[in-house]
Protein chains: 2
Amino acid sequence: MHGCAACPVRIDALCGALETPDELETIHRLGRRIEVSRGQTVVWEGDESLVVGNVIEGLLKLSIISANGTEQIVGLAYPSDFIGRPFGANAGHSVTALVDSTICVFPRRAFDAFAETHPQLGQALLRRTLDDLDRARQWMVLLARKSASARVASLLLDMWDRCPSGPDRTVMLPLSRQQMADLLGLVIETVSRSITALRDKGVVSLPGGRRLVVEEPDSLKAIAAD
Amino acid sequence: MHGCAACPVRIDALCGALETPDELETIHRLGRRIEVSRGQTVVWEGDESLVVGNVIEGLLKLSIISANGTEQIVGLAYPSDFIGRPFGANAGHSVTALVDSTICVFPRRAFDAFAETHPQLGQALLRRTLDDLDRARQWMVLLARKSASARVASLLLDMWDRCPSGPDRTVMLPLSRQQMADLLGLVIETVSRSITALRDKGVVSLPGGRRLVVEEPDSLKAIAAD
DNA sequence: CGCGGATTTGACCTACGTCAACACCCGTGG
DNA sequence: CCACGGGTGTTGACGTAGGTCAAATCCGCG
């Protein structure tokens, strides 16, 4: 028993769309809560997605290896986000844990069948996917048009409001410089230089250990805008 | 009467998911076939999408104006593609005709209601949206990692198999250099230079008037790969 | 203390952007 | 028939943001 009733993301995640005790019971029996450790991959680019599921805790990356060998991170999955590729098509990207995470997985075929017979769930997944698409397109603008410093500033702002942060304006950055670079379409040195430039301007400070303090949110927003 | 039965894209478009005569009749009464001329916008970025619909004939762009004023094309809509943003959220991008086109539009609210009561349609839209998302992420890799010439080569290949082309390897390019630049995250001069470089290498030839002949498909593919 | 990975810093180079001419294509009108 | 003009595309000269390569420096951990 993993207790959907006690699931910390039930309301926000896809399952929140299910209402009758009957439905909940069925999906409950389908799902299995698993722990994935940092670096572990749960879906491989190009393979049929064997599982789909919800992120309960942690952070995963969605990534594609480009022809020239560099990795591009095409999305992040935070708690309550849905991962995997339902309905037949092969996964367009890998899904890998960036930090130790716990996810609730369903066998893909069983999930497909369940979704087809429970319109509520299909509906909810559709809305979620439309939102993901909007976000992906917004990110395309960043990749295509923004300067390195604007990209970095955008990312830091993103993480500031999506990541566990202290009461002061401190964020614990979950990404290495390399991962930021993979996400922003830059190289590691450029990310590093951009961040130190922000520090030198007093916009952020770096108390060490992947901690970041946003000293001047407005300046950061201005830089992020381009 | 605009005759869904005679619609050239009915099978491929979203409506292909509807099966009973009853459903078809209902959606038929909801839809209206309209002509949009080159340059005309049917959905505005940031506004609530008043209409959604299917492209019947022509080509539209999905675009976002970035903070610094440059336009980024985040997608193209070919015949049988779905356009507009159902379900509440404001449109993340504008939709504008690149050439004179004809589309079949539905009032957004009525479509939303119809989709919620007809799971078949919701299902079909979900599959389509998942595909769009995969494509958008693939495009992110191009924008983030590929060289200018690889981007241009990728685009030419894309258009070669999606656009009406002669029995020889001739394509009628539907995009101006500016539009290609907006799509590829480049400036117009760079696009122009890349294309002439391809011509000089004998990979393509340009018989004038926006026509393009792919002389060496394999070379073009190699360049597109990076 | 010493090791290995992550991050920073520096010197240098190049792909692409910028700015400015110029050429081409086509319809209009003298 | 040719002159003209505006939109679209090409070419050239030049500058720079960010990539590359290499060397410190930092930091957590046995």
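Which residues come nearest to DNA strand D? Of the 17 residues around that strand, the nearest are Ala148(A), Thr190(A), Arg177(B), Ser192(B) and Arg193(B). Sugar and phosphate make up 65% of the strand D atoms that come within 4 Å of the protein. Please keep in mind that this is a predicted model. The points below take you through each DNA strand, then the two protein chains, then some aromatic rings.

**Around DNA strand D**

- Arg177(B) has a polar side-chain atom 2.4 Å from a phosphate oxygen of DNA strand D.
- Ser192(B) also reaches the strand: an N or O atom in its side chain is 2.9 Å from a phosphate oxygen of DNA strand D.
- For Arg210(B), a polar side-chain atom lies 3.3 Å from a phosphate oxygen of DNA strand D.
- Two elements give two or more residues to the surface near DNA strand D, namely helix 6 (188-200) of chain A and helix 6 (188-200) of chain B.
- The largest share of this surface, 5 residues, comes from helix 6 of chain B.
- Sorted by class, the surface near DNA strand D has 8 charged, 6 polar and 3 nonpolar residues.

**Around DNA strand C**

- There are 16 residues around DNA strand C, and the nearest are Arg177(A), Ser192(A), Ala148(B), Glu189(B) and Thr190(B).
- Here sugar and phosphate account for 66% of the atoms of DNA strand C that come within 4 Å of the protein.
- The side chain of Ser192(A) has an N or O atom 2.7 Å from a phosphate oxygen of DNA strand C.
- In the side chain of Arg210(A), an N or O atom is 3.5 Å from a phosphate oxygen of DNA strand C.
- Arg193(B) meets a base: an N or O atom of its side chain is 3.0 Å from a base oxygen of DNA strand C.
- Helix 6 of chain A and helix 6 of chain B each supply at least two residues of the surface near DNA strand C, and helix 6 of chain A gives the most, with 5 residues.
- That surface near DNA strand C holds 7 charged, 6 polar and 3 nonpolar residues.

**How the two protein chains are related**

- Chain A superposes on chain B after a rotation of 180 degrees with 0.0 Å of shift along the axis, at an RMSD of 0.0 Å.
- The two copies are therefore related as by a two-fold rotation axis.
- Both copies use the same surface, as 100% of the contact residues of chain A recur in chain B.

**Aromatic rings**

- Over all chains, a search of the whole structure finds 4 aromatic pairs.
- One of them joins Phe82(A) and Phe111(A), whose ring centres are 5.5 Å apart and whose planes stand at 35 degrees, so the pair is tilted.
- Phe82(A) belongs to strand 6 (residues 82-83) of chain A and Phe111(A) to helix 2 (residues 108-117) of chain A, so their pairing ties together parts 29 residues apart in sequence.
- Phe82(A) is buried, with a relative accessible area of 14%, and Phe111(A) is buried at 1%.
- In chain B, the rings of Phe82(B) and Phe111(B) have centres 5.5 Å apart and planes at 35 degrees, so this pair is tilted.
- Phe82(B) lies in strand 6 of chain B and Phe111(B) in helix 2 of chain B, so this pair links parts 29 residues apart in sequence.
- Phe82(B) counts as buried at 15% relative accessibility, and Phe111(B) counts as buried at 1%.
- Back in chain A, ring pairs link Phe82(A), Phe106(A) and Phe111(A) into a cluster.

Methods:
Residues numbered from 1 in each chain as written. Chains lettered and ligands numbered in written order. Predicted model: local features only at pLDDT ≥ 70, side-chain atom pairs only at ≥ 80, totals over all residues. Heavy atoms only, no water. Near = heavy atom within 4 Å. Polar contact = N/O pair within 3.5 Å; in protein donor to acceptor, adjacent residues only side chain to side chain. Helix = DSSP H or I, 4+ residues; strand = E, 2+ residues; numbered from the N terminus. Nonpolar A, V, L, I, M, F, W, Y, C, P; charged D, E, K, R; others polar. Least-squares fit on C-alpha atoms with pLDDT ≥ 70 in both. Contact = heavy atoms within 4.5 Å. Phe/Tyr/Trp six-rings, centres within 6.5 Å; stacked < 30°, edge-to-face > 60°. Buried < 20%, exposed > 50% of the residue type's maximum accessible area, 1.4 Å probe, protein only.
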